[in-house]
Amino acid sequence: MIKTVIESIREYFDSCPLLKADAKLNLDYLGLEEVEYGIYSEPVNPVIKKYVDGDELKQHTFVFAVKNLMSDSYITQLENISFFDRFIQWVEQNNKKRKLPQLEGKRQAQRLEILTNGYLIAQDEGKAQYQIQMRLIYKEEY
């Protein structure tokens with residue numbers, strides 16, 4: 001059975017050295033742990049372009065979310081938001097090196113794009129959720 005695009009994206013981020021080793025990397029879920037990561041697919045037309053030979057240029061848009069401890073400490077606040085600066089640099093360096101999610105079947109990743117900066121989306125009881133929107137561009141042969 002061929003691995004799905006979202007599975008390949010999760011595996012790619014599982015290798016990110018910025019993620020805490022003991023934290024969970026979930027799909028469509030953030031639990032109750034102090035630090036967790038989640039990848040959420042977003043609705044979008046997957047086809048960007050159709051070629052005359054039947055091949056297609058496609059996209060998979062998603063949110064990469066981080067749940068962290070939150071406090072009134074400037075250091076904690078800076079650590080939380082600066083994670084995304086380092087995360088964006090890691091993604092951009094990997095793009096330059098052509099280190100992309102490994103897709104299966106007749107799919108070939110082209111690039112991973114950052115669509116937004118990291119931003120605070122929710123906070124509650126000493127925890128905050130930050131996220132960044134991204135998309136994977138890939139070619140699928142038919």
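What share of the contacts in the protein chain with a separation of 6 or more comes from residues 24 or more positions apart? For this chain the figure is 61%, where contact means heavy atoms within 4.5 Å.

Before going on, I should say that this is a predicted model, in which local features need pLDDT of at least 70 and side-chain atom pairs count only at pLDDT 80 or more, while totals for chains, interfaces and linings use all residues. Residues are numbered from 1 along each chain as its sequence is written, and side-chain values use heavy atoms, with hydrogens and water left out.

The protein chain has two helices and seven strands, taken as DSSP runs (H or I of at least four residues for helices, E of at least two for strands) and numbered from the N terminus. From that end the order is α-β-β-β-β-α-β-β-β, and the C-alpha trace spans about 55 × 30 × 25 Å along its principal axes.

Of the 142 residues, 42% are buried, that is, under 20% relative accessible area with a 1.4 Å probe, protein chains only. The largest nonpolar core, a set of buried Ala, Val, Leu, Ile, Met, Phe, Trp, Tyr and Cys residues joined through side-chain atoms within 4.5 Å, holds 32 residues, and Phe13, Tyr37, Phe64, Phe87, Leu112 and Met134 touch the most other members. At least two residues of this core come from each of α1 (5-14), β2 (36-41), β4 (56-69), α2 (74-96), β5 (107-114) and β7 (127-140).

Taking Met134 and leaving aside its neighbours within four places in sequence, its contacts include Phe13, Phe64, Phe87 and Leu112, and also His60 and Glu113.

Note on methods
Buried < 20%, exposed > 50% of the residue type's maximum accessible area, 1.4 Å probe, protein only.
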